[in-house]
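Let's take a friendly walk through this model together. Keep the structure open beside the text as you read.

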Amino acid sequence: MDSIRIVGGKRLVGAVPISGAKNAALPILAASLLADGNHVFRNVPNLRDVHTMTRLLDRLGARARYSDGCVQVELAGAIDPTAPYDLVKQMRASVLVLGPLVARCGRAVVSLPGGCAIGARPIDQHLKGLSAMGADVELRHGYVEVTVPGGRLRGADIRLDFPTHTGTENLMCAAALARGRTTLTNCAREPEVEELAHVLNKMGARIEGAGTSVISIEGVDSLHPIEHAIIPDRVEAGTFMVVAAATAGDLLLRGIAFEPLQAVIAKLREAGVGIEREDDGIRVVGSHVIVPTDVITQPHPGFPTDMQAQFMMLMCLAKGTSRITETVFENRFMHVSELNRMGADIQVNGRTATVRGVEKLQGAEVMATDLRASASLVVAGLVAEGTTYVRRVYHLDRGYEHIEKKLVQLGAQIERVPGDA
Ligand code: EPZ
């Protein structure tokens, strides 16, 4: 397994291009199952999760090919609506094929995603929505078996107990081909959900209200393939904002808009970071004085849980004490013990971490446990005194495209050590 070696202490400056968004690309690739023909998606990030999704589409009977930031998906005729354990266990987001398969085939057999490092992550809301649309749902030998008597879902009023991100996406896809109107209430408002609704409407769907907590979908009889370029990744951009802040650097993040990052920008500004719009992106200027800032993670438009670990790392260097509260996932503090191994002073009590700022961090050997935790450890290595080794970087490769190359171009001393641990 590869690891990453970082020599810290460099001030990072320059421009960095932001890649396409993982959490937009995955539901959009899955949604291609809703229409026969040739789909073309551009600006698709070269990530492990994207390749897992194309392999899953192949296994289902599509022909999905990735090359140079472009994914072509060809679909024709009958497919086998079974998403097997060996693929689903590699990536929970495989569950995103559930809605499209049930809508297309009137049935689906999808391995139930198990828990993961950050929480139990059940899919009860996804299944509750499908049942409301007339599906029979059974759990058999670790698989969810969904069948629709009569073969076609019907529109329904569905109130989600929690604004689940992929749950909203799955139910939007299912409702797009249902008979009649579906109203999703208390649904997720993430930019990636809005992007999926935009793509489905380009395919011929009739969806209104995406981006708000009430989405209404008028089912149609069929959809058609499209060409589409994926939006930039707001979490990758947020991560590079923290890189600029932590290294007292000066970065231009190319190709990302302000709006999807309002909550992150507000908190970074509170922490004393300079953030300005530029014609082709966002300029972020860090300072040597970081102001302690409290954060509570919430569904969009609140502060994103996917930026919690990176922001916590920044607060390790603040002049005082900050409180970080994680409300979305029940176990998303796995990075705390690793940051403390680098000399941070963080104490966790239930869902709140109290971070007392320290003068400096020290390089150390640390272990990545999940995608965003690994990003926070890489940033910690960039500011730490001496050398840091981040082990198990396969977590990082799931969600960051060529992160070492991008950081080297900004002046970082970082390299991948193949098969080191
Ligand atoms: C999506 O996961 C993202 N993944 C996650 O990004 C992100 O952290 C999360 O949304 C929150 O923004 C993708 O888009 C592929 P949820 P998702 O359903 O949809 C509970 C990253 O780092 N819940 O909104 O799985 C659940 O347990 C990843 O890129 C239920 O109880 O998240 C959790 O506590 C990590 N029942 C909370 O809701 C359900 O049926 C939020 O989960 C569904 C969810």
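## Around the ligand

In this predicted model, a nitrogen atom of the ligand sits 3.3 Å from a backbone N or O atom of proline 122. Two further polar pairs involve oxygen atoms of the ligand, one to the backbone of histidine 165 and one to the side chain of lysine 22. Here are the three side by side.

| Residue | Protein atom | Ligand atom | Distance |
|---|---|---|---|
| Proline 122 | backbone N or O | nitrogen | 3.3 Å |
| Histidine 165 | backbone N or O | oxygen | 2.8 Å |
| Lysine 22 | side-chain N or O | oxygen | 3.0 Å |

How much of the ligand's accessible area does the protein cover? Taken on its own, the ligand has 830 Å² of accessible area, and the protein covers 88% of that. Two or more residues of the shell come from each of α1 (22-31), α5 (124-132), α6 (165-176) and α12 (371-383). The most generous of the elements is α5, which supplies three residues.

The ligand has 21 residues around it, and those that come nearest are Asp124, Thr164, Thr166, Asp306 and Val328. Sorted by class, the shell is evenly split: seven residues are nonpolar, seven polar and seven charged.

## Helix α7 and its neighbours

Helix α7 covers residues 191-202, 12 residues in all. From its first C-alpha to its last, α7 reaches 16 Å, close to the 16 Å expected at 1.5 Å a residue. The buried residues of this helix are Pro191, Glu192, Val193, Glu195, Leu196, Ala197, Val199 and Leu200. An α-helix has 3.6 residues a turn, so residues three or four places apart point the same way. The partners against which the buried residues of α7 pack include the helices α1, α6 and α8 (234-246). The strands β12 (206-208), β13 and β14 (227-229) are also packed against by these buried residues. Just after α7, glycine 204 has a positive phi of about 110°.

## Two serines, two settings

Is serine 216 buried or exposed? Serine 216 counts as buried because its relative accessibility is 15%, and the cut-off for buried is under 20%. This serine belongs to strand β13 (residues 214-218). Beyond its neighbours within four places in sequence, serine 216 touches Arg181, Thr182, Thr183, Arg206, Ile207 and Glu208.

Serine 213 is in the loop between β12 and β13, and with a relative accessible area of 33% it is partly exposed. With neighbours within four places in sequence set aside, the contacts of serine 213 are Leu184, Thr185, Asn186, Cys187 and Arg189. The C-alpha atoms of serine 213 and leucine 160 are 9.9 Å apart, although 53 residues separate the two along the chain.

## Backbone details to look at

Most residues other than glycine have a negative phi, and most peptide bonds are trans. With that in mind, three places deserve a look. Asparagine 43 has a positive phi, near 55°; this residue is in the loop between β3 (37-42) and α2 (48-60) and is partly exposed, at 36% relative accessible area. Alanine 248 also has a positive phi, about 50°. Alanine 248 is in the loop between α8 and β15 (250-254), where it is buried with a relative accessible area of 6%.

Finally, the peptide bond from histidine 300 to proline 301 is cis, with omega near 15°. Proline 301 is part of the loop between β18 (295-296) and α10 (308-315).

Key
Residues numbered from 1 in each chain as written. Predicted model: local features only at pLDDT ≥ 70, side-chain atom pairs only at ≥ 80, totals over all residues. Heavy atoms only, no water. Near = heavy atom within 4 Å. Polar contact = N/O pair within 3.5 Å; in protein donor to acceptor, adjacent residues only side chain to side chain. Areas by Shrake-Rupley, 256 points an atom, 1.4 Å probe, with all protein chains shown as cover. Helix = DSSP H or I, 4+ residues; strand = E, 2+ residues; numbered from the N terminus. Nonpolar A, V, L, I, M, F, W, Y, C, P; charged D, E, K, R; others polar. Buried < 20%, exposed > 50% of the residue type's maximum accessible area, 1.4 Å probe, protein only. Contact = heavy atoms within 4.5 Å. Expected span 1.5 Å × (residues − 1).
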